[in-house]
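User: I should like to learn how to read the features of a structural model, beginning with charged pairs within helices. Please give the general idea and then the case at hand.

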Amino acid sequence: MNIPAQDEDVLLYLDVKAQEKFLPAVLKVVKDISLLCGFDKKTARGIVLATEEACSNVIEHAYGPDEEGRYQVEIKRKPGKMVVKVKDQGIPFNLGLLKEDELQQIGFRLMKAYSDDVKSKYRGKNGKEVKLIKYVPVEAVDKTGLNDTPEEVPPLTQEVTLRIMKPSDAVNLARCIYRVYGYTYPHEAVYYPELFANLVESGMVTSCVAVNPSGEVVGHLGVFIDEVGDLVGESALAVVDPRYRGRGLFPRMKKMMMSEIKRRGFKGLYSRAVTVHEASQRANVKMGAAETGFILAHSPPTAIFKKMTTKKDHLRRTVALFYIGVAPDKIQEVYLPPQHEKILKRIYKHAGLKRIYQKSDQVGKVYPDSLIHIHVLSETSSAFLRVERYGESFLKELALKVQDLCQHKIELIVLDLPLNDPVTSWMCAEIEKMGFFFSGLMPEYLQGDALRLEYLNNVPFHPDTVDVYSDFGKELFRYVVGEWQAHQKFI
């Protein structure tokens with residue numbers, strides 16, 4: 001077997017025969033590498049257990065009794081985390097093996113319990129992979145002194161300075177997050193200053209902070225990317241200390257970040273605005289951002305806004321999707337599904353994006369194999385799937401993956417389809433027969449625009465719990481809700 005060239009982040013690459021007798025040797029090496037990366041013995045053991053389950057799945061289920069299969073274990077050290085990949089070229093995962101199989105359920109829970117994140121994806125002719133992510137061992141922010149937020153509100157004349165975040169601001173950022181969310185913010189990395197500092201240093205996060213005269217971080221807005229080199233970022237982690245609300249800090253930070261990412265060569269910026277109130281939506285609209293969709297029941301009801309009451313806090317919360325370009329828009333060809341053509345053209349017009357609408361009279365190219373990227377966020381019970389290309393068995397593969405995710409109690413599945421591929425124009429209707437429904441448009445998201453679909457796994461949703469700010473937003477929200485209602489029969 002030819003071993004592929006490895007990048008400089010790779011600490012270990014093993015090519016192993018898929019036989020049980022070789023597994024202890026693999027796990028010993030994984031344990032040793034974990035300890036060398038700074039994990040304590042207890043955490044290293046957890047990493048080994050998660051890796052053991054991923055490898056055992058391959059050994060037991062990927063190959064037939066007469067096949068001499070192999071699998072690969074790769075360990076990388078990334079900014080702020082260690083990543084263990086288990087890859088194989090065996091049979092696509094058989095969901096039937098999971099049904100009523102308690103041992104398999106326990107194995108999956110072990111992978112999630114001992115990893116901070118678990119991702120999987122089909123790799124076309126290269127098979128499939130499971131990726132286990134563990135954050136580097138750093139100390140969480142000290143809780144001392146955080147539990148009593150001062151009640152006094154600083155005078156409006158107090159100057160608040162905006163600047164680009166430095167890694168050394170990470171502790172003060174964690175304290176600001178606490179003042180807004182307590183310890184309920186779903187992305188735990190913000191509570192680990194050294195980890196967040198690593199993300200800033202690596203360029204995976206670019207942030208703006210608002211600082212008062214005492215040096216406290218009283219506001220933050222970050223732009224996150226998935227991979228170094230991405231040219232479209234997501235605006236996230238927008239927080240303002242409750243003592244400093246009503247001063248217009250959010251639009252000021254947004255303006256600064258738009259200028260910064262434009263300077264860095266980005267094409268545009270996404271954001272997700274909460275719908276428990278209209279404030280963040282209003283701020284996005286005033287900055288020139290346009291609504292492009294809604295993700296119904298996006299967030300679990302665990303994140304608590306301190307000193308902000310919401311109705312029906314037991315329900316998952318919906319978010320509005322916004323997009324704003326920071327560079328001149330380049331006209332591109334898109335193939336729109338006929339059933340959503342009207343609303344998609346309305347979104348393009350609302351966002352000021354010009355497109356060439358090609359007719360879907362051509363079938364498009366279907367490859368021998370599919371390429372679907374999958375990212376599971378266990379802390380929010382969500383999964384995000386991105387289609388890079390359609391294979392001959394795409395619908396079957398997708399159906400199996402949806403069944404797998406639902407079986408493991410993933411509540412929200414988001415699916416992004418490339419609109420520059422003619423196949424999307426007719427494949428969309430087939431996908432919606434599984435229970436997916438229209439969620440929105442994501443400009444410049446998949447090397448071009450993406451159609452976003454959504455699937456809810458037995459999740460209650462009440463439209464009357466959602467507050468929408470603009471007239472166009474209300475029109476788009478009604479459309480998404482209508483599609484959700486129409487597709488309930490498929491679930």
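User: Which helix holds both Lys401 and Asp404, and how many residues apart are they?

Analyst: Helices (H or I, at least four residues) and strands (E, at least two) are DSSP runs, numbered from the N terminus. Here Lys401 and Asp404 both belong to helix α9 (residues 394-407), three residues apart, about one turn of the helix. A salt bridge is a side-chain nitrogen of Lys or Arg within 4 Å of a carboxyl oxygen of Asp or Glu. Lys401 and Asp404 form such a bridge, with 3.6 Å between the closest N and O atoms. Arg179, Glu216, Asp241 and Arg243 are joined into one network by salt bridges that share partners.

The model is predicted: local features need pLDDT of at least 70, side-chain atom pairs count only at pLDDT 80 or more, and totals for chains, interfaces and linings use all residues. Residues are numbered from 1 along each chain as its sequence is written, and side-chain values use heavy atoms, with hydrogens and water left out.

User: Are Lys401 and Asp404 buried or exposed?

Analyst: Buried means under 20% relative accessible area, exposed over 50%, and partly exposed in between (1.4 Å probe, protein chains only). Both Lys401 and Asp404 are buried. In helix α6, Glu260 and Arg263 also lie three residues apart, and their salt bridge brings the closest N and O atoms to 2.6 Å. Glu260 is buried, with a relative accessible area of 10%, whereas Arg263 is exposed at 61%.

User: Which residues of helix α8 are buried, and where do they fall around its axis?

Analyst: The arc is that of the directions from the helix axis to the C-beta atoms. In α8 (residues 341-351), the buried residues are Ile343, Leu344, Ile347 and Tyr348. Viewed down the axis of α8, these buried residues fall within an arc of 140 degrees, so they line one face of the helix. The face turned away from that buried side carries the exposed residues Lys342 and Lys349. Helix α8 also has a salt bridge between Glu341 and Lys345, the closest N and O atoms being 2.8 Å apart. Glu341 is partly exposed at 27% relative accessibility, and Lys345 is partly exposed at 31%.

User: How should the strand pairing be read, and in what sense do β7 and β8 pair?

Analyst: Two strands pair if DSSP finds at least two bridges between them. Strand β7 (residues 205-211) and β8 are antiparallel, with seven bridges, and Cys208 stands opposite Leu221 in β8. Five residues lie between the strands of this hairpin, where Gly215 takes a positive phi near 90 degrees. Strand β8 (residues 217-224) has seven of its eight residues buried. On to strand β9 (residues 232-240), β8 pairs in the antiparallel sense over five bridges; Gly222 stands opposite Ala236, and Phe224 has Glu234 as its bridge partner.

User: How does the chain cross from β9 to β10?

Analyst: A crossover is right-handed if, with the strands pointing away from the viewer, the path from the first strand over the helix to the second runs clockwise. Strands β9 and β10 (residues 268-274) run parallel, joined by four bridges, with Glu234 opposite Tyr270. The chain passes from β9 through helix α6 (residues 249-263) to β10, and this β-α-β crossover is right-handed.
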